[in-house]
Amino acid sequence: MLTESTLDPANAVYRQVIKAGDHWSHVIKKGQTFRILDLEGNQAADTLFYNAHDPVDRYSASDTIRCQQALYLTTGSKLMSSGGHALLEITADTCGRHDTLGGACSRESNTMRYAIEKEPMHACRDSFICGLHDHSDDLGKRDITCNINFFMNVPVTPEGGLSFEDGISAPGRYVEMLALMDVIALISNCPQLNNPCNAYNPTPVEAIIWD
Ligand SMILES: [Zn+2]
């Protein structure tokens, strides 16, 4: 559902542009509002959330899908954790659809899906590992679970098929969510060049936080 926010970025307490292909992580406090802004359009923001006080309790795609009885995320979606907690709730969305199923690209999946020569290409899984290490040496590869792909279009066919399609986002579109707990947000601003999830041209997004 398309809904606009009344919040003004001029009043934000935090703003950070995440360059194309880069990673970013930050603690968002309970009660703060977090926006991801698609600056140039058609950019997938692969995102994970963790309970900041107990990172074993983290975003769970299956619990989120079951709780809301829907596959796509938009306004009103509660992002559920593996421990049954609502981590955040989407409160505004000018894109209208965000993927829960496609997962993150990796060097391994690039070789399997595209070509063995794609192995050295930068991928989201490596960015997630770097972002987790920014928080703690105790967090690593095993803590990466099925992520949200904000702004990514992965339609499910009536037969249950999945496909990676050209995005439906555009410059200036955003998704905004209220933190219901203290959470660690981790974004890999997807560097993928082998499918249309970034329109074959990765671009920056911006993280914005309000108290
Ligand atoms: Zn990716």
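These legends walk through several close-up views of a predicted model.

**View 1. The zinc site brings together three cysteines.** Here the zinc ion is held by the SG atoms of Cys105, Cys124 and Cys190, at 2.2 to 2.3 Å. Read along the sequence, the donor residues follow the spacing C-x18-C-x65-C. Cys105 and Cys124 link distant parts of the chain: Cys105 sits in the loop between β6 (86-93) and α2, while Cys124 belongs to helix α3, 19 residues apart. Cys105 counts as buried, at 6% relative accessibility. Cys124 is buried too, with a relative accessible area of 0%.

**View 2. Cys146 stands apart from the other cysteine sulfurs.** How far is the sulfur of Cys146 from the closest cysteine sulfur? The distance is 12 Å, to the sulfur of Cys124, and this is too far for a bond. As a reminder for the bench, a disulfide is a covalent bond between the sulfur atoms of two cysteines. With a cut-off of 2.5 Å between cysteine sulfur atoms, the count for this model is zero disulfides. Cys146 is partly exposed, at 35% relative accessibility.

**View 3. Asn110 is tucked into helix α2.** Take a look at Asn110, which lies in helix α2, spanning residues 107-113. Is Asn110 buried or exposed? With a relative accessible area of 1%, Asn110 is buried, because the limit for buried is under 20%. Leaving aside neighbours within four places in sequence, the contacts of Asn110 include Cys105, one of the zinc donors. Also in contact with Asn110 are Ala115, Lys118, Met121 and Ala123, together with Gln192 and Asn194.

**View 4. Helix α3 lies across three strands.** Helix α3 covers residues 124-135, and its twelve residues should span 16 Å at 1.5 Å a residue. Its end C-alpha atoms are 17 Å apart, which agrees with that expectation. Which residues of α3 are buried? They are Cys124, Ser127, Phe128, Ile129, Gly131 and Leu132. An α-helix has 3.6 residues a turn, so residues three or four places apart point the same way. The buried residues of α3 pack against β2 (23-28), β4 (45-51) and β9 (183-189). The helix lies across these strands and runs at about 40° to β2.

**View 5. Four strands form an open antiparallel sheet.** The strand order in this sheet is β2-β9-β4-β7, with antiparallel pairing. β2 and β7 are the edge strands, each pairing on one side only. On average, neighbouring strands are turned by 30° against each other, direction ignored. Strands of a sheet pair through backbone hydrogen bonds, either parallel or antiparallel. Between β4 and β9 there are seven bridges, and one of the partner pairs is Leu48 with Leu186 in β9. On the β7 side (residues 148-150), β4 makes three bridges, and Thr47 has Ile148 as its bridge partner.

**View 6. Strand β4 is covered along its length.** How many of the seven residues of β4 are buried? The answer is seven of seven, and the strand is described as mostly covered. In a regular strand the side chains alternate between the two faces of the sheet. In β4, Ala45, Thr47, Phe49 and Asn51 point one way. Asp46, Leu48 and Tyr50 point the other way, and residues of both sets are buried.

**View 7. Val183 brings distant stretches of sequence together.** Val183 belongs to strand β9 and is buried, with a relative accessible area of 0%. Its C-alpha atom is 5.6 Å from that of Val27, although the two residues are 156 residues apart along the chain. Not counting residues up to four places away in sequence, Val183 touches His26, Val27 and Ile28, as well as Phe49, Tyr50, Ala52, Leu87 and Leu88.

**View 8. A six-stranded sheet is open at both edges.** This open sheet has the order β1-β10-β3-β8-β6-β5, with antiparallel pairing. β1 (14-18) and β5 (78-80) stand at the edges with a single partner strand each, so one side of each is left without a neighbour in the sheet. The twist averages 20° from one strand to the next. Within the sheet, β3 (residues 33-38) and β8 (residues 173-179) pair over six bridges, and Ile36 has Val175 as its bridge partner in β8.

Conventions: Residues are numbered from 1 along each chain as its sequence is written. This is a predicted model: local features need pLDDT of at least 70, side-chain atom pairs count only at pLDDT 80 or more; totals for chains, interfaces and linings use all residues. Side-chain values use heavy atoms; hydrogens and water are left out. Helices (H or I, at least four residues) and strands (E, at least two) are DSSP runs, numbered from the N terminus. Buried means under 20% relative accessible area, exposed over 50%, partly exposed in between (1.4 Å probe, protein chains only). Contact means heavy atoms within 4.5 Å. The expected span of a helix is 1.5 Å times one less than its number of residues. Donors are N, O and S atoms within 2.8 Å of the metal (3.2 Å for Na, K and Ca); water is not among the atoms, so sites may look incomplete. Two strands pair if DSSP finds at least two bridges between them. Axes are lines fitted to C-alpha atoms, for helices over the stretch in contact, and angles run from 0 to 180 degrees between N-to-C directions.
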